[in-house]
Amino acid sequence: MKTQSASPFFFVSFFFFFFFFFSSLFLLSSALNSDGVLLLSFKYSVLLDPLSLLQSWNYDHDNPCSWRGVLCNNDSRVVTLSLPNSNLVGSIPSDLGFLQNLQSLNLSNNSLNGSLPVEFFAADKLRFLDLSNNLISGEIPVSIGGLHNLQTLNLSDNIFTGKLPANLASLGSLTEVSLKNNYFSGEFPGGGWRSVQYLDISSNLINGSLPPDFSGDNLRYLNVSYNQISGEIPPNVGADFPQNATVDFSFNNLTGSIPDSPVYLNQKSISFSGNPGLCGGPTRNPCPIPSSPATVSPPTSTPALAAIPKSIGSNRETEPNNNSNPRTGLRPGVIIGIIVGDIAGIGILALIFFYVYKYKNNKTVEKKNNHSLEAHEAKDTTSLSPSSSTTTSSSSPEQSSRFAKWSCLRKNQETDETEEEDEENQRSGEIGENKKGTLVTIDGGEKELEVETLLKASAYILGATGSSIMYKTVLEDGTVLAVRRLGENGLSQQRRFKDFEAHIRAIGKLVHPNLVRLRGFYWGTDEKLVIYDFVPNGSLVNARYSESKSSLSHFNLFPRFMIKAHVSIRSSRTLASPGFCYCVHISW
């Protein structure tokens with residue numbers, strides 16, 4: 001019987017089967033684990049990485065333990081992700097919440113925006129969370145209450161809004177909480193915070209009253225300043241605080257008396273400032289004494305007669321018989337005593353008024369004597385001793401003429417001082433009368449500025465700093481200027497104009513390529529303006545992270561260090577000229 005040879009197709013199929021089998025085994029053994037894949041989703045959500053910190057994050061590794069900012073445990077699972085001060089621009093993906101072993105997350109001091117997804121708080125082993133100094137907005141999801149192991153929470157200096165989750169106060173492991181400089185509103189959540197040692201929710205929009213069940217046995221620092229909290233401070237709040245704890249309730253709408261807890265008595269008065277209705281405790285505002293009317297039986301006689309003691313010989317048994325002839329009025333001795341007391345009081349008041357009048361009169365005489373002494377100061381300085389009087393009398397006519405010239409010069413100086421005072425008074429009067437305002441030109445340039453032309457110009461807002469706003473102003477002839485509108489302060493009209501004019505003229509004398517030229521200022525009752533040359537390329541803060549298509553590229557570390565070392569001023573007041581020379585606004 002003949003044996004048939006094996007088909008060639010069988011051998012080819014067998015070869016390809018083994019090839020794909022071993023290749024798949026090799027790929028599975030060298031593939032990136034799940035934690036690495038989740039971290040890559042964060043890399044893809046980052047739009048800008050100027051320091052190239054995420055460049056080493058790729059699929060070429062078995063695990064992400066060697067990546068920048070990543071720490072793993074013995075099982076190659078991610079436990080820490082720390083990338084602070086990295087200038088990252090992007091958002092936070094929800095995939096980070098699926099890192100089951102993640103314990104510490106620090107992405108502070110970046111430019112991350114967007115809102116926090118609900119799935120982000122699925123990492124229930126998280127102990128440290130720091131997202132401060134970013135641009136994160138929206139509300140805090142209620143799912144944050146599932147982080148039972150969370151010890152430190154720092155979401156300060158962001159754009160968070162909405163109410164604080166009520167379950168945030170019930171986290172038993174939470175020891176440090178910082179939510180300052182946001183836009184949180186609603187009432188302050190109570191019924192918890194028992195393990196918290198540091199709590200800062202200052203500079204928000206928290207309203208309502210303090211919760212009466214707020215207590216903290218371990219509290220060391222509490223700051224609720226610069227909010228809108230109203231009502232009284234409950235007596236239970238602070239009763240369990242340690243005596244050396246720091247408390248700050250300043251700049252709210254609190255009223256009533258401060259409780260007598262030891263922790264409040266150890267605070268400075270500045271911790272309660274900005275609450276006009278608050279009294280007692282370390283404040284300088286004493287609480288009014290409550291007047292409670294006592295229950296007294298109605299008197300049987302008038303109060304004046306009830307205060308007079310009865311005569312010794314009076315008898316209660318005979319009093320009803322004397323009702324037919326009752327005694328009316330006061331006794332002569334009492335009347336004489338009242339008259340003598342009134343006279344004595346009038347005399348004491350007259351002596352006080354006489355003493356005050358004498359004292360003011362002496363002060364007036366002393367001032368007149370001082371003026372007379374100052375007027376004769378020149379004569380006193382040129383007078384000689386008695387032994388040299390003959391020499392003075394026999395002096396030459398040239399010395400007499402010199403003395404006359406000196407006296408004339410002194411008189412002219414006094415006249416000049418009087419004229420300067422009159423000019424200042426006249427200028428202050430003109431400022432008070434001219435309610436429309438005054439335009440003062442420091443450096444007019446090629447064209448003289450006019451009030452009507454400036455006020456009719458088109459204006460566009462460039463930015464704001466504090467209480468002042470910067471506008472781009474385009475005149476009718478196409479001239480572009482930068483105008484800063486100033487806010488009000490507490491000085492008087494005359495004093496403000498005088499200080500303002502001196503300050504602006506001093507700035508106008510400064511000439512430097514890195515200083516924007518000052519053109520003038522406008523001073524009115526409703527408008528205070530400072531006029532500069534317009535620099536077209538924006539502020540330095542806009543040039544830091546510009547896109548690659550722009551003419552201004554972002555700076556590396558060395559130019560930033562040089563700018564910070566030589567220009568100690570806010571970048572929003574530092575402008576870029578067309579030649580890439582950075583100029584500085586010096587303002588009021």
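**Disulfides, cores and confidence in a predicted protein chain**

Under the distance rule applied here, the count of disulfides comes to two, in a model that is predicted. When the bonded cysteines of the protein chain are numbered in sequence order, the pairing reads 1-2, 3-4.

One disulfide joins Cys65 to Cys72, with an S to S distance of 2.4 Å, and the angle of -110° about its S-S bond makes the link of Cys65 and Cys72 left-handed. Cys65 is partly exposed because its relative accessible area is 27%, and Cys72 likewise counts as partly exposed, at 23% relative accessibility. The other link joins Cys279 to Cys287, with the sulfur atoms 2.1 Å apart; here the angle about the S-S bond is 100°, and the link of Cys279 and Cys287 is right-handed. Cys279 has a relative accessible area of 8% and is therefore buried, whereas Cys287, at 30% relative accessibility, counts as partly exposed.

As to the overall architecture, the protein chain contains 12 helices and 27 strands. Of its 588 residues, 32% count as buried, and the chain exposes about 37,200 Å², of which carbon and sulfur atoms supply 56%. Among the contacts between residues at least 6 apart in sequence, 46% join residues at least 24 apart.

The largest nonpolar core holds 67 residues, and within it Trp57, Leu199 and Phe249 touch the most other members. Helix H2 (34–45), strand S3 (78–82) and helix H3 (262–265) each supply at least two residues of this core, and the largest share, four residues, comes from H2. With residues up to four places away in sequence left out of account, Trp57 touches Leu39, Leu40, Phe42, Lys43, Trp67, Arg68, Val70, Leu81 and Leu83. Apart from the largest core lies another one, made up of 15 residues, among them Met470, Phe521, Trp523 and Tyr532.

Leu199, named above as a member of the largest core, also appears among the contacts of Asn223. Asn223 has its place in strand S15, which spans residues 221–223, and this residue is buried because its relative accessible area, 7%, lies under the 20% cut-off. Once the neighbours within four places in sequence are set aside, the residues in contact with Asn223 are Leu199, Asp200, Ile201, Ser202 and Asp248.

The confidence of the prediction should be kept in view when these features are considered. The protein chain averages a pLDDT of 74, and 65% of the residues score at least 70. Over residues 380–421, however, the pLDDT is below 50, and this stretch has eight contacts in the model beyond near neighbours in sequence. A further stretch, residues 547–552, also stays under a pLDDT of 50, and for these residues the model has eight contacts beyond four places in sequence. Where pLDDT is low, the predicted coordinates should not be read in detail.

Notes. Residues are numbered from 1 along each chain as its sequence is written. This is a predicted model: local features need pLDDT of at least 70, side-chain atom pairs count only at pLDDT 80 or more; totals for chains, interfaces and linings use all residues. Side-chain values use heavy atoms; hydrogens and water are left out. pLDDT is the predictor's confidence in each residue, from 0 to 100. Contact means heavy atoms within 4.5 Å. Buried means under 20% relative accessible area, exposed over 50%, partly exposed in between (1.4 Å probe, protein chains only). A disulfide is a pair of cysteine sulfur atoms within 2.5 Å. Accessible areas come from the Shrake-Rupley method with a 1.4 Å probe; for residues, only the protein chains shown count as cover. A nonpolar core is a set of buried Ala, Val, Leu, Ile, Met, Phe, Trp, Tyr and Cys residues joined through side-chain atoms within 4.5 Å.
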